[in-house]
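Here's a quick walk through a fold, written for someone who'd rather be at the bench. Have a look at the model first, then read on.

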Amino acid sequence: MNEGMVVVKGGGNGLLENGRVATVNAIMKVVERARKANVRVAVTSFLRSLACTEEYEQLHKEVNRDLHEKILVMKAESIRKHEVSSSFLDVDDLIQAGCFLREGVHLSQEGETKLSQRFIRRIRATHFLMEGRMD
């Protein structure tokens, strides 16, 4: 197995334009490429923003549900075949008012720090499970 992990951070400015299916397919394409290279993958939930519309919020929830379902199916198959697995990391609970820049769309330094800390904990936990130790 290759060392390391690819973290796919869901988000972007084109969710409404691209739609649910195209967004999920684009993210899953990246996951498949990493898996073919025998690399572990963690996919974060598609990030919402404080400035989003009701339509965006609904679409964001649907994309996250679809991604989570696809990753769970992939994970079950990977475990069955003793292959490298993928994980879904829901980060919506991290996204609060102080985590965004004033415009309410992009993460602030505090938001990026909280997100990075969550990634680090996941990577360390995965490393511990795979290697049997925590560095």
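H1 and H2 are roughly parallel to each other, because the angle between them falls under 35 degrees. Keep in mind that this is a predicted model. To put numbers on that pair, helix H1 covers residues 15-36 and helix H2 covers residues 54-81, and they pack at an angle of about 20° with their axes 10 Å apart. As for handedness, the crossing of H1 past H2 is right-handed. Sorted by class, the residues in the contact of H1 with H2 are twelve nonpolar, eight charged and three polar.

Now zoom out to the whole chain. There are three helices and three strands in the protein chain, and along the sequence they follow the pattern β-α-β-α-β-α. Among contacts with a separation of 6 or more, 71% join residues 24 or more positions apart.

Here are some chain-wide values:

| Property of the protein chain | Value |
|---|---|
| Buried share of the 135 residues | 40% |
| Accessible surface | about 8200 Å² |
| Share of accessible surface from carbon and sulfur atoms | 53% |

One residue is worth a closer look. Is His60, a residue of helix H2, buried or exposed? His60 has a relative accessible area of 1%, under the 20% cut-off, so His60 counts as buried. And what does His60 touch, leaving out residues up to four places away in sequence? The list is Leu15, Phe46, Leu47, Arg48 and Asp92. Of these, Leu15 falls within the 15-36 range of helix H1.

Methods
Residues are numbered from 1 along each chain as its sequence is written. This is a predicted model: local features need pLDDT of at least 70, side-chain atom pairs count only at pLDDT 80 or more; totals for chains, interfaces and linings use all residues. Side-chain values use heavy atoms; hydrogens and water are left out. Axes are lines fitted to C-alpha atoms, for helices over the stretch in contact, and angles run from 0 to 180 degrees between N-to-C directions. Helices (H or I, at least four residues) and strands (E, at least two) are DSSP runs, numbered from the N terminus. Angles under 35 degrees count as roughly parallel, over 145 as roughly antiparallel, 65 to 115 as roughly perpendicular and the rest as oblique. A crossing is left-handed if the near helix is turned anticlockwise from the far one by less than a right angle, and right-handed if clockwise. Ala, Val, Leu, Ile, Met, Phe, Trp, Tyr, Cys and Pro count as nonpolar, Asp, Glu, Lys and Arg as charged, and the others, Gly among them, as polar. Buried means under 20% relative accessible area, exposed over 50%, partly exposed in between (1.4 Å probe, protein chains only). Contact means heavy atoms within 4.5 Å. Accessible areas come from the Shrake-Rupley method with a 1.4 Å probe; for residues, only the protein chains shown count as cover.
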